[in-house]
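Let's take a walk through this small report with the model open beside you. We'll start with a term, then work from the overall layout to individual residues.

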Amino acid sequence: MIPYEVICPDCGDSGGPLDEQPETAQGVRGPYADVAAAKRAMERHTGVVAPEE
Ligand SMILES: [Zn+2]
């Protein structure tokens, strides 16, 4: 199982090691079990619903 992470540049997440990111970015990073869970987390975080693929 591949964990999915949400990288939120708006929160200052550079995509680097988790413990080097701001607390707000760490909160949304995950990891999540699948891409759907990651997407829902991002939607909750940003308030924007991502288009279905
Ligand atoms: Zn954010």
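Helices here are DSSP runs of H or I with at least four residues, numbered from the N terminus. With that in hand, Pro 3 can be placed in the segment before helix 1. Keep in mind that this is a predicted model.

**Overall layout**

The chain has two helices and zero strands. It runs to 53 residues, and 17% of them count as buried. Of the contacts with a separation of 6 or more, 39% are between residues 24 or more positions apart.

**The core and helix 2**

Which residues make up the largest nonpolar core? There are seven: Val 6, Cys 8, Ala 25, Val 28, Ala 38, Ala 41 and Met 42. Helix 1 and helix 2 each put in at least two residues, and helix 2 has the largest share with three. As a rule, nonpolar side chains in soluble globular proteins tend to be buried together.

Ala 38, Ala 41 and Met 42 are the buried residues to look at in helix 2. They sit on the same side of the helix, because the arc they cover around the axis is only 100 degrees. Helix 1 is part of what covers the buried residues of helix 2. Turn to the face away from that buried side and you'll find the exposed residues Ala 36 and Arg 44.

How does the span of helix 2 hold up against its 12 residues? At 1.5 Å a residue they should span 16 Å, and the end C-alpha atoms are 16 Å apart, so the two agree. Just after helix 2 comes Gly 47, with a positive phi of about 80 degrees.

**The loop and the start of the chain**

Between helix 1 (23-29) and helix 2 (35-46) there's a loop, and Tyr 32 lies in it. Pro 31 has its place in that loop too. The peptide bond leading into Pro 31 from Gly 30 is cis, with omega near 5 degrees.

Now back to Pro 3. Leaving out residues up to four places away in sequence, Pro 3 touches Gly 30, Pro 31 and Tyr 32. So the cis peptide bond joins two residues, Gly 30 and Pro 31, that are both contacts of Pro 3. Tyr 32, on the same terms, touches Pro 3, Tyr 4, Ala 37, Ala 38 and Ala 41. Among those partners, Ala 38 and Ala 41 belong to the largest nonpolar core.

Ser 14 is another residue in the segment before helix 1. Here are the C-alpha distances for two pairs:

| Pair | Apart in sequence | C-alpha to C-alpha |
|---|---|---|
| Pro 3 and Tyr 32 | 29 residues | 5.5 Å |
| Ser 14 and Ala 25 | 11 residues | 9.2 Å |

**Buried or exposed?**

Is Pro 3 buried or exposed? Pro 3 counts as exposed because it has 11 C-beta neighbours inside 10 Å, and the cut-off for exposed is 12 or fewer. Ser 14 also counts as exposed, with 11 C-beta neighbours inside 10 Å. Tyr 32 has 18 C-beta neighbours inside 10 Å, so it counts as partly exposed; a buried residue would need 20 or more.

Terms used: Residues numbered from 1 in each chain as written. Predicted model: local features only at pLDDT ≥ 70, side-chain atom pairs only at ≥ 80, totals over all residues. Contact = placed C-beta atoms within 7 Å. Core = buried A, V, L, I, M, F, W, Y, C linked by C-beta atoms within 7 Å. Expected span 1.5 Å × (residues − 1). Arc of directions from axis to C-beta.
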